[in-house]
Amino acid sequence: MDLYRSHVLVCGGTGCASSESGRIIDNFNELLIEHGLDKEVKIVKTGCFGLCEAGPVVVVYPEGAFYSMIKVSDVPTIVEEHLLKGRIVTDLLYKDHTTSETMNSIDEVGFYKKQRRVALRNCGVINPESIEEYIAFDGYQALGNVLTEMSPNQVIDIVKRSGLRGRGGGGFPTGTKWEFTQKAVGDLKYVACNADEGDPGAFMDRSVLEGDPHAIVEAMAIAGYAVGASKGFVYVRAEYPIAVKRLQIAIDQAKENGLLGEDIFGTGFNFDMEIRLGAGAFVCGEETALIASIEGKRGMPRVRPPFPAVKGIFDKPTLLNNVETFANIPQIILKGAEWFASIGTEKSKGTKVFALAGKINNTGLLEIPMGTTLREAIYDVGGGIPNGKAFKAVQTGGPSGGCIPAEYLDTPIDYDNLIALGSMMGSGGMIVLDEDNCMVDVARFFLDFTEEESCGKCTPCREGTKRMHELLDKIVDGKGTMDDVAKLETLAKTIKGASLCGLGQTAPNPVLSTLKYFRHEYEAHVLDHKCPAGVCSALLQYLVVPDLCKKCGICAAKCPVNCISGVKGKEVYLIDQDKCIKCGACMDACPFKAIKKG
Amino acid sequence: MAKEYLTEENFKKLDEVIEHHQHQQGALMPVLQEAQEIFGCLPIEVQQRISEGIQIPMSDIYGVVTFYSQFSLEPKGEYTISVCMGTACYVRGAKPIVEKIAEMLGIAPGETSADAKFSLVATRCIGACGLAPIMTVNENVYGRLVLEDIPEIVEKYQKEGS
């Protein structure tokens, strides 16, 4: 094996690939050859580093120099200065948002300090398309141990004792699920991985598949051994082309190396797996809908029991776990149940990956021990709210979750605490909202989503989400009454109680949680006909501030409906509110900032 | 527009796909996905051929095609503009962006322009939340958008091609 004096890690995750990290890699390789450095320096395309805000990210080792927002045109500078002359290019290094300090090394970056990486341990560290690199980081060792030294019952016992709970949202104890599937009677059993990550703003499963796909292959084989299955399916969203490609490469490499297929490690254990693509239906994240989709049917949930552990894919007993759940398995086997159980809180063990996005400085993926507070996640890791704005709420759990206000920021994050607050962990989406976001509008956004994604099978969800959406439209348009707000609440509770599957049962959460914590915003829309955040256009007014108006007439010239009157140079301009279409063109055009919205 | 994508050659490719998946359990989804790759959409003629090929009733196939949002009965435009409407993009201002594009193209999200040049899609989260708000035009990605960027990007594609 060649020894290199320096390694240049370039992020190849979806975020960075979207800002040309592929061309950056090509450019590095060309320049290394040009300077005769290609035998000394190695370029590695890795999975996601997590700090997507700073992308595209390039890290140069051994120094750990953390270059951020790199453009193709920066590559020659890094090659000539850093790789050739050994001088770190300070101008291109990552700067902390809060302190504006330049960070020399990735180890100093605040974003990573409170993190503890278990599921993401290899993401941004190894080349996901190389089985050798995975093996060099203890890869497939857990599978080897399991197959040669442990009985299926021992494996299940470790998973149970670790306290691992399903990371897809439900939080069901993983070991118990494995035990159910093992005990189910059937000539054929399946292991399936739920990678249908549909929550808007959640991208941890994609990052694991893109950054460490072998971990999923290894974990599924371990699960197959434990429950007695010889075949696995991974159901991935078709919107994730890079993840699909890398997972397929990993499966092929594992087969070539005898780590999948027949007689693995010469133990007589057979396990094979295949990828199935989704086709754009959020409800397929629900386990029985996912199974229907793999079978080639409309992805509609069915009543449980029977649970998939008894009657799953093609009516055979099926173990279905989420990507992040599987990503923890090899580490639990290698380091032991006690090690895993030592992290986290009493009822929620281990770490959890969150996708932090929205109004936050450090958009990205973070993995933190359970029990970390929301405040630590948002301020210490996330770097707080940009542009000096005030925090309003954090939305967790996607369309199934709720909005948590500032007074609960010190709540330790775990499954049960979030549910007690009227939200949920979900798959780990964490969207931060600031003072400029209208909570009624946010609730409507999620209802728009769930209404469209409702599969239509059960009435409460199909009709109920539509009616809730209509009521929210009415309120947002300034035509709502307090009676509508009361109806909204009753309807929400009915849908929650009467829907067939998780989608419908949780769809009202965004409305219920905003009604609970931000009722004053609903009241402002209904009673005062005002949107406090200035988002709902029907309730907005554009007003000329007389003291600031220089009587130039630019606003009147820009107005598409000629509703601004005044005399140039002589008279302050005035907007006719009855004719105004609230397009905002006047405010954008005014050079003196004399037009305000309110 | 004539249905020039329903060519003999494309149907031949479809037959190969059907042949390949013939004995696979749950073959319908992969076959539909590959068929859409070939034809660009899944009109009734294509569904009928699949129905005969893998012995699944037309009613089931039509049910599946209309259930999943990625399957389309109609061909898409030359350029598909997909504006991400995930939560992160939404709270960072994706809605005015989609409205601006709709206004420029004269089509609503989900529609294709009469000259078959543009399709506008308000898409589900594409998971690049660090670049929010983000949109794609076919394979090209435009991230960290502000409203003022839109006219230039759309005009560029309006001038291109026919």
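The following exercises, each with a worked solution, concern a predicted model with chains A and B.

**Exercise 1. The layout of chain B**

Determine how many helices and strands chain B has, and in what order its elements run.

*Solution.* Step one is the count: chain B holds seven helices and four strands. Step two is the order, which from the N terminus reads α-α-α-α-β-α-α-β-β-β-α. Step three places these elements in space: along the principal axes, the C-alpha atoms of chain B occupy a box of roughly 50 × 35 × 25 Å. Step four turns to the interior, where 35% of the 162 residues in chain B are buried. Finally, among contacts in chain B with a separation of 6 or more, 61% join residues 24 or more positions apart.

**Exercise 2. The domains of both chains**

State which domains are assigned to chain B and to chain A, and give the separation of the centres for one pair in each chain.

*Solution.* For chain B, the assignment gives domain 1 (8-67) and domain 2 (79-159). Their centres, taken over C-alpha atoms, are separated by 30 Å. For chain A, the division is into domain 1 (6-109), domain 2 (131-341), domain 3 (351-434), domain 4 (439-527) and domain 5 (541-597). Within chain A, 40 Å lie between the C-alpha centres of domain 3 and domain 5.

**Exercise 3. Where the chains touch**

Describe the side of chain B that touches chain A by its residues, elements and residue classes.

*Solution.* Begin with the residues: 30 of chain B are in contact with 38 of chain A. Next, identify the elements of chain B that give two or more residues to this side; they are helix 2 (28-39), helix 4 (58-67) and helix 5 (87-91). Of the elements, helix 5 of chain B gives the most, with four residues. Last, sort this side of chain B by class: 17 residues are nonpolar, eleven are polar and two are charged.

**Exercise 4. Two helix pairs**

Two packed helices are described by the angle between their axes and the distance between the axes. Classify the pairing of helix 6 with helix 7 in chain B and that of helix 7 with helix 8 in chain A.

*Solution.* In chain B, the axes of helix 6 (residues 94-105) and helix 7 (residues 150-159) come within 10 Å and cross at roughly 40°. Helix 6 and helix 7 of chain B are therefore oblique to each other, and their crossing is right-handed. The contact involves B:Ile97, B:Lys100, B:Ile101 and B:Met104 from helix 6, together with B:Ile150, B:Pro151 and B:Val154 from helix 7. By class, these residues comprise six nonpolar, no polar and one charged.

In chain A, helix 7 (residues 152-162) and helix 8 (residues 174-183) pack at about 155°, and their axes are 7 Å apart. Because angles over 145 degrees count as roughly antiparallel, helix 7 of chain A is roughly antiparallel to helix 8 of chain A. The crossing of these two helices is left-handed. From helix 7 of chain A, A:Pro152, A:Ile156, A:Val159 and A:Lys160 meet residues of helix 8, including A:Trp178 and A:Glu179. The contact of helix 7 with helix 8 in chain A has four nonpolar, four polar and two charged residues.

**Exercise 5. A covered helix**

Establish how many residues of helix 21 of chain A are buried, and what covers them.

*Solution.* Helix 21 (residues 509-517) of chain A has nine residues, of which eight are buried. Among them are A:Asn509, A:Val511, A:Leu515 and A:Tyr517. The cover over the buried residues of helix 21 includes strand 13 (402-405), helix 17 (439-453) and helix 22 (519-527) of chain A.

Conventions
Residues are numbered from 1 along each chain as its sequence is written. Chains are lettered from A and ligands numbered from 1 in the order in which they are written. This is a predicted model: local features need pLDDT of at least 70, side-chain atom pairs count only at pLDDT 80 or more; totals for chains, interfaces and linings use all residues. Two residues are in contact if their C-beta atoms, placed from the backbone, lie within 7 Å. Ala, Val, Leu, Ile, Met, Phe, Trp, Tyr, Cys and Pro count as nonpolar, Asp, Glu, Lys and Arg as charged, and the others, Gly among them, as polar. Domain bounds come from an automatic or database domain assignment. A residue is buried if 20 or more other C-beta atoms lie within 10 Å of its own, exposed if 12 or fewer, and partly exposed in between; C-beta atoms are placed from the backbone. Axes are lines fitted to C-alpha atoms, for helices over the stretch in contact, and angles run from 0 to 180 degrees between N-to-C directions. Angles under 35 degrees count as roughly parallel, over 145 as roughly antiparallel, 65 to 115 as roughly perpendicular and the rest as oblique. A crossing is left-handed if the near helix is turned anticlockwise from the far one by less than a right angle, and right-handed if clockwise.
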